[in-house]
Amino acid sequence: MPIPPEDLWALAPEFWLTGLGLLLILLDLFTDRSRKGIVGWIAIAGLLLSLLPILAMLGQPARTAFFNTYAVDGFAVFFKAIIVGSTILVILAATDYFRGQTSYEGELYILLVFTALGLVLMAGSADLILLALAIEFVSLTSYVLAGYFKTDAKSTEAGIKYFLFGAGATAVMIYGFSILYGLTGETGLYAIAERIRTAPQPALVVGLSLSLAGFGFKISMVPFHQWTPDVYEGAPTPIAAYLSVASKAAGFAALVRLLLVTFAPTGFDWVTLIAGLAAVSMTVGNLLALPQGNIKRMLAYSSISHAGFLLIAVAAFRGDFGTPGLLMYILAYTFTNLGAFFVAMAVGQRLGSDVIADYAGLAQRSPWLALLMLFFMLSLTGIPPLAGFFGKFYILGGAINNGLLWLAIVGIVNSVISLYYYVNVIRVMYLLPATSPEPVREPPALRVALGITALGTLIVGLFPQPFINLVGTATLLLRF
Amino acid sequence: MERYVLTITVFLPLLGGLIVLLIPRGNDRVMKQVALITAALTFLVSVWLLWPFDIGRQGMQLEERYLWIPGIGINYHLGLDGLSLPLVILTTLLTLLSIVYSWRIDMRLKEYLFLFLLLETGMLGVFVSLDFFLFYVFWEVSLVPMYFLIGIWGGPRREYAAIKFFLYTLIGSLAMLLAILVLYFNAEPRTFGMLELIRQQPLARLPALAGLAFWGFFLAFAIKVPMWPFHTWLPDAHVEAPTAGSVILAAILLKMGTYGFLRISLPMLPEAFKQYAPIVAVLALIGIVYGALVAMAQPDLKKLVAYSSVNHMGYVMLGIAAAAAAAGDAAKATSATIALNGAVFEMIAHGIITGALFLIVGVIYDYRAHTRGVDDFGGLWARLPTYSGITILAMLASLGLPALMGFVAEFLVFVGSFGVFPELTVVAVFGVLFSAAMFLWTIQRIFLGPLNERWAKLPDLDLREAIALVPLAAVMIVFGVYPRPLLDVINIAMSSLVSGIK
């Protein structure tokens with residue numbers, strides 16, 4: 001069968017990213033060790049250019065490419081933009097961080113670009129095999145990234161742990177996929193949807209539950225979350241930031257597509273299952289975040305609870321609040337969580353510590369850094385007029401609108417719990433005296449990245465209308 | 001100017017605060033001057049509101065309305081009526097006096113002044129917002145600065161008090177957010193406009209949801225008021241907060257709760273409120289008696305004033321609950337109006353009187369005796385005549401002595417609520433006895449009797465303290481003797497509120 005040329009055009013961003021990655025490999029070979037930063041800058045430029053075809057696709061009608069295996073709809077395009085955008089920000093923030101810490105600086109940018117490619121593929125996959133391949137691809141590069149500091153025991157541990165958990169989760173997921181295939185004889189999500197109506201209920205439950213393991217691992221959903229704190233703590237901070245945002249976003253994209261395309265036609269009540277998982281993830285993540293003394297571990301547990309909050313949106317993915325709710329929250333969370341990690345990066349780099357107690361008096365030492373962290377912490381709590389609040393507002397609205405009031409109540413109880421550990425960071429920065437008057441200076445590139453995330457956090461909260469429009473075009477999920 | 005005057009009033013403090021932030025470190029004097037000028041200008045603008053404001057007209061005035069987030073029907077909508085106008089002026093007046101009082105603060109001055117002005121913007125915004133989303137934003141904006149004011153400039157247990165305050169109020173806020181969303185999704189067409197929701201009564205036929213929304217709002221407002229048993233954050237916050245923070249907390253932040261009951265619960269969910277009004281009234285009554293009794297037992301002057309707030313806010317809530325119970329009953333409309341007039345008058349009176357009382361405690365504690373123990377003093381009248389005179393005046397006003405502001409308020413509340421809840425009102429009147437006993441006993445212990453020799457050298461009020469206190473004392477007397485101008489403003493709003501509830 002010949003491939004129509006429109007299909008190739010529809011994959012322009014993916015091709016571009018592949019080409020960019022290959023080009024960077026070559027470039028890295030011929031770059032002097034002291035000037036590897038160039039690879040990073042070219043990566044940023046290339047990623048920025050890849051946003052052009054992605055954004056150009058935003059308003060276009062939804063379609064599939066390559067014989068219904070790859071969806072190109074507003075939903076996927078939105079996630080692609082989030083993934084590429086966060087990759088740019090992470091590289092921008094990390095250039096200074098990696099210099100001197102590793103002699104393999106160039107490869108790191110290359111791996112990040114390839115991870116972005118894998119994540120983009122995850123967001124668009126409409127076929128179980130392609131989905132499994134994309135997830136595996138992302139996992140492989142992520143394992144390497146998490147364990148990148150070979151001489152650092154914690155980083156190595158993070159890599160190994162991530163690998164072991166990931167391998168297990170993927171195996172279980174693929175087993176689940178095989179059950180779905182066995183039930184229907186198809187691998188394409190749209191084709192499965194056509195036949196799944198007649199499938200026996202118990203087999204469906206098993207198939208879905210096993211598949212959830214893989215997604216649950218990627219989005220750090222309870223009970224597949226155990227790797228998160230150790231990996232976030234051990235991995236280089238920019239990588240932890242990346243995993244907490246881009247990897248999670250892509251996981252949600254794939255999960256929502258699988259659930260809505262494949263399972264919506266069955267009579268199976270997956271909404272209750274997801275709602276239950278949402279409640280458990282939020283609560284467990286929040287309660288475990290309370291006693292954390294390390295900022296990266298705290299952010300890890302907080303990211304588990306945010307995964308739970310996002311699952312509310314998955315359960316309520318209907319109507320004019322529920323559907324945009326997920327996307328709005330992801331947008332807000334991307335800016336805010338990246339920002340929080342970037343502050344942790346700046347402080348960790350200068351003080352050599354990720355312990356929250358060492359943030360004492362940061363408001364005196366570096367007022368701007370402390371102020372931004374204040375914004376990010378309040379936004380993660382959901383205090384208006386910051387982005388995080390607007391995301392929560394949408395998700396709670398969606399839950400109420402879809403008859404999940406109990407889940408909304410669990411959500412607000414959890415928001416109150418989360419205030420305690422977010423405010424703890426604020427308390428240490430503002431209420432405690434500084435141990436040394438020396439300011440914590442952040443490198444200029446990181447400053448730009450911080451500025452972008454802070455602006456995003458403010459603007460999404462204060463003037464959300466353009467983002468509502470954007471998200472509105474992105475809710476177009478190609479269904480069966 | 002008239003078209004934008006509310007926006008100017010609300011955001012002028014924030015603008016001044018941002019200017020303070022831009023002043024380089026070390027220029028303490030300039031920062032204070034900028035903050036003072038900002039607060040004074042805001043006060044003047046808010047007083048100027050009296051001219052364009054037509055006292056005889058019902059409904060909202062000086063409205064401003066622009067699209068903000070049109071995608072989900074959120075507007076930037078401000079307006080002023082007889083309920084919000086006095087609260088706006090109270091806010092600007094007390095912020096101004098607090099900044100005058102805070103002149104001697106030197107620790108982290110820039111942040112202090114910025115937070116104070118940001119807080120003012122938040123509070124003013126709450127009182128003039130007519131869109132729920134906007135209301136919620138301002139409601140939360142007023143939360144964060146107070147956390148810092150308690151946490152950074154507070155007393156020894158400041159961190160505990162600050163986080164307790166933050167957690168309690170956030171629980172309330174989020175419950176309110178749920179209630180707002182329930183209202184929004186049941187409105188047709190969906191809207192966050194408060195006036196539109198009052199007109200639509202979206203939950204009139206859905207008693208279960210109306211009950212849920214009512215309790216959601218109730219939690220938010222009752223924690224803020226605070227009503228018994230949600231009051232436990234208050235003594236901690238008040239005692240630990242710096243003097244000016246306590247003033248703002250008692251005089252204005254607490255009013256946000258009762259304002260919510262009047263602006264939202266009563267007109268938007270009248271049936272549900274009517275149904276649960278007896279519960280609210282009983283809680284208010286417990287607050288009255290409990291607040292007075294606990295205050296009497298306090299050895300700490302600041303805690304004493306804090307608990308007297310629980311007592312006084314109980315009167316406000318009794319009046320509101322009485323009006324809610326009388327909703328839709330034409331025979332009781334007069335009682336309801338009187339009770340509401342009393343409740344709003346008490347809000348203003350409590351703001352003035354308790355604001356003054358916290359300043360008074362600050363004067364003796366911050367810069368003179370450094371102790372607040374009621375029993376540590378004695379015979380101060382002979383040493384500090386001006387200070388003692390103003391204190392005794394404020395305490396008498398607080399206990400409800402006729403010809404002072406507190407009396408008018410309590411009298412109206414009792415007259416109004418007697419027509420609805422006669423038995424409860426009789427008990428509440430006994431609450432007045434307790435608070436009278438409490439304040440008289442306090443006056444006796446601090447100002448009368450033999451002079452404690454430790455305090456033989458204390459100086460009397462200095463000029464700045466006098467500037468902060470004398471206006472409040474004057475207001476207590478003026479509106480105590482001649483409450484009519486203030487009551488006229490309140491009355492139109494309250495009678496239209498009562499007649500609007502079907």
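**Exercise 1. The build of chain B**

What percentage of the contacts in chain B with a separation of 6 or more comes from residues 24 or more positions apart? Describe the overall build of chain B as well.

*Solution.* The model is a predicted one, and the steps below should be read with that in mind.

Step 1. Among the contacts in chain B with a separation of 6 or more, 80% join residues 24 or more positions apart.

Step 2. The secondary structure of chain B consists of 20 helices and two strands. Its radius of gyration is 22 Å, close to the 23 Å that the globule rule gives for 502 residues, so chain B is as compact as a globular protein of that length.

Step 3. The C-alpha trace of chain B spans about 70 × 60 × 40 Å along its principal axes, and buried residues make up 61% of the 502 residues.

**Exercise 2. The build of chain A**

Describe chain A in the same steps, beginning with its helices and strands.

*Solution.* Step 1. Chain A has 20 helices and two strands. With a radius of gyration of 21 Å, close to the 23 Å given by the globule rule for 480 residues, chain A is as compact as a globular protein of that length.

Step 2. The span of the C-alpha trace of chain A along its principal axes is about 70 × 55 × 40 Å, while 62% of its 480 residues are buried.

Step 3. Of the contacts in chain A with a separation of 6 or more, 81% are made by residues 24 or more positions apart.

**Exercise 3. Two helices of chain B and their surroundings**

Find out why helix 17 of chain B can be called largely enclosed, and then list what covers the buried residues of helix 10 of chain B.

*Solution.* Step 1. Helix 17 of chain B runs over residues 405-418, and its 14 residues reach 20 Å from the first C-alpha to the last, close to the 20 Å expected at 1.5 Å a residue.

Step 2. A residue counts as buried if 20 or more other C-beta atoms lie within 10 Å of its own. Because 10 of the 14 residues are buried, helix 17 of chain B is largely enclosed by the rest of the structure; among the buried ones are B:Met405, B:Val408, B:Glu410, B:Leu412 and B:Phe414.

Step 3. The partners against which these buried residues pack are helix 13 (301-325), helix 14 (333-369), helix 16 (385-399), helix 18 (422-447) and helix 19 (463-481) of chain B.

Step 4. Helix 10 of chain B, at residues 233-240, is mostly covered, with seven of its eight residues buried, including B:Leu234, B:Asp236, B:His238 and B:Glu240. The cover over its buried residues includes helix 6, helix 7, helix 11 (243-268) and helix 13 of chain B.

**Exercise 4. Where the chains meet**

How many residues of chain B are in contact with chain A, and which helix of chain B supplies the largest share of that side?

*Solution.* Step 1. The contact joins 24 residues of chain B to 23 residues of chain A.

Step 2. On the side of chain B that touches chain A, helix 5 (132-141), helix 6 (143-153) and helix 7 (158-186) of chain B each supply at least two residues, and the largest share, 13 residues, comes from helix 7 of chain B.

Step 3. Divided by class, that side of chain B has 20 nonpolar, two polar and two charged residues.

**Exercise 5. A helix pair in chain A**

Describe how helix 7 and helix 10 of chain A cross.

*Solution.* Step 1. The axes of helix 7 (residues 153-184) and helix 10 (residues 227-234) of chain A come within 8 Å and cross at roughly 145°, in a left-handed crossing.

Step 2. Among the residues that meet are A:Lys154, A:Glu157, A:Lys161 and A:Phe165 in helix 7 of chain A, and A:Trp227, A:Asp230 and A:Glu233 in helix 10 of chain A. The residues of this contact divide into five nonpolar, two polar and five charged.

**Exercise 6. Two glycines of chain A**

Is A:Gly398 buried or exposed? Place A:Gly85 in its helix too.

*Solution.* Step 1. A:Gly398 lies in helix 17 (residues 387-401) of chain A and is buried, with 30 other C-beta atoms within 10 Å.

Step 2. Leaving aside neighbours within four places in sequence, A:Gly398 is in contact with A:Ala313, A:Ala316, A:Gly319, A:Phe321, A:Gly322 and A:Gly325.

Step 3. A:Gly85 belongs to helix 4 (residues 74-98) of chain A and is buried, with 23 other C-beta atoms within 10 Å. Its C-alpha atom is separated by 16 Å from that of A:Met57, 28 residues apart along the chain.

Key: Residues numbered from 1 in each chain as written. Chains lettered and ligands numbered in written order. Predicted model: local features only at pLDDT ≥ 70, side-chain atom pairs only at ≥ 80, totals over all residues. Helix = DSSP H or I, 4+ residues; strand = E, 2+ residues; numbered from the N terminus. Expected span 1.5 Å × (residues − 1). Buried ≥ 20, exposed ≤ 12 C-beta atoms within 10 Å, placed from the backbone. Contact = placed C-beta atoms within 7 Å. Nonpolar A, V, L, I, M, F, W, Y, C, P; charged D, E, K, R; others polar. Rg over C-alpha atoms; globule rule 2.2 N^0.38 Å. Axes fitted to C-alpha atoms, helices over the stretch in contact; angles between N-to-C directions. Left-handed = near helix turned anticlockwise from the far one by under 90°.
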